[in-house]
Amino acid sequence: MRKKEREIKDKAVLDELLMRARVCRIGLYDGQWPYVVPVNMGYAAGRIFFHSSRKGKKMEILRDNPRVCFELDSDVEIVTGERPCDYTTYYKSIIGFGTAVLVEDEAEKIEALRIIMRRHGGPVEGFRPEVVPVTAVVRIDIERMTGKANPPYDEWN
């Protein structure tokens, strides 16, 4: 990381940012081109969860190459100034890497859907039995991640 003073090293702070995030951008690679897609997500126990159709480009790529990069950010604010070089952006962000796993076990899948729904303030019961089997649920097992903030973490109120 170029600006070390902006690095977030505290695991509890990284977890808190992951718990607050609603959208995560997933970076995939199809062997020829990178592909980035935003997903609604939930986070629990060191894992990111999202749901999807079982069909489509994202799922095709994940089946062939489950290694992913992810990015999320929060508290983004453009700070203006009198001159162009006085502008900056305040933010908190995480970039990480992991392995995507298609969740097949029904109990784990329903719990993952509950994690996602809790994050978005929705109901966690009443999933339609005919929908769950045809919904893809993906778990990203996080291998490593870094956080960064401007202003730096030690300046937060």
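**View 1. Strands β7 and β8 pair in the antiparallel sense over 12 bridges.** The model shown in this and the following views is predicted. Within the β7–β8 pairing, alanine 100 has isoleucine 140 in β8 as its bridge partner. Strand β7 covers residues 88-102, and strand β8 runs over residues 135-150. β7 also pairs with β6, again in the antiparallel sense, over 11 bridges. There, serine 93 in β7 is the bridge partner of aspartate 73.

**View 2. Asparagine 150 is placed in strand β8.** The relative accessible area of asparagine 150 is 8%, so this residue is buried; the limit for that class is under 20%. The side chain of asparagine 150 makes a polar contact of 3.2 Å with the side chain of threonine 88. Neighbours within four places in sequence aside, the residues in contact with asparagine 150 are Arg6, Thr88, Thr89, Tyr90 and Tyr91.

**View 3. Helix α1 spans residues 11-20 and has Val13, Leu14, Leu17 and Leu18 as its buried residues.** These buried residues line one face of the helix, because they fall within an arc of 140° when seen down the axis of α1. Elements that cover them include β1 (7-8), β4 (42-44), β5 (47-53), β6 (67-79), β7 and β8. At the N-terminal end of α1, aspartate 10 acts as the cap. A side-chain oxygen of aspartate 10 lies 2.8 Å from the backbone nitrogen of alanine 12.

**View 4. The largest nonpolar core holds 29 residues.** Nonpolar side chains tend to be buried together in soluble globular proteins. In this core, the residues that touch the most other members are Leu18, Ile26, Ile48 and Phe70. At least two residues each come from α1, β2 (23-29), β3 (34-40), β5, α2 (57-64), β6, β7 and β8. Strand β8 gives the most, with 6 residues. Leaving out residues up to four places away in sequence, phenylalanine 70 touches Cys24, Arg25, Ile26, Ile48, Ile94, Ile95, Gly96, Phe97, Ile140, Ile142 and Met145. A second core, separate from this one, has 7 residues, among them Phe49, Leu113, Ile115 and Ile116.

**View 5. Aspartate 75 and lysine 92 meet through their side chains in a salt bridge of 2.8 Å, N to O.** The two residues are 17 residues apart and belong to distant parts of the chain, aspartate 75 to strand β6 and lysine 92 to strand β7. Aspartate 75 has a relative accessible area of 39% and is therefore partly exposed. Lysine 92, at 17% relative accessibility, counts as buried. Both residues belong to a network of salt bridges that links Glu16, Arg20, Asp75 and Lys92. A search of the whole structure gives 15 salt bridges.

**View 6. A salt bridge joins glutamate 108 to arginine 139, with 2.6 Å between the closest N and O atoms.** Side chains of opposite charge can pair when their charged atoms come close. Glutamate 108 sits in helix α3 and arginine 139 in strand β8, 31 residues apart, so that this pair links distant parts of the chain. Glutamate 108 is partly exposed, its relative accessible area being 28%. Arginine 139 counts as buried, with a relative accessibility of 12%. The side chain of arginine 139 also meets that of aspartate 141 in a salt bridge of 2.7 Å, N to O.

**View 7. Glycine 126 is part of the loop between α3 and β8.** Helix α3 takes in residues 106-119. The relative accessibility of glycine 126 is 67%, so the residue counts as exposed; the exposed class starts over 50%. From C-alpha to C-alpha, glycine 126 is 41 Å from isoleucine 78 in space. In sequence, glycine 126 and isoleucine 78 are 48 residues apart.

Note on methods: Residues numbered from 1 in each chain as written. Predicted model: local features only at pLDDT ≥ 70, side-chain atom pairs only at ≥ 80, totals over all residues. Heavy atoms only, no water. Helix = DSSP H or I, 4+ residues; strand = E, 2+ residues; numbered from the N terminus. Buried < 20%, exposed > 50% of the residue type's maximum accessible area, 1.4 Å probe, protein only. Polar contact = N/O pair within 3.5 Å; in protein donor to acceptor, adjacent residues only side chain to side chain. Contact = heavy atoms within 4.5 Å. Arc of directions from axis to C-beta. Core = buried A, V, L, I, M, F, W, Y, C linked by side-chain atoms within 4.5 Å. Pairing = 2+ DSSP bridges. Salt bridge = Lys/Arg side-chain N within 4 Å of Asp/Glu carboxyl O.
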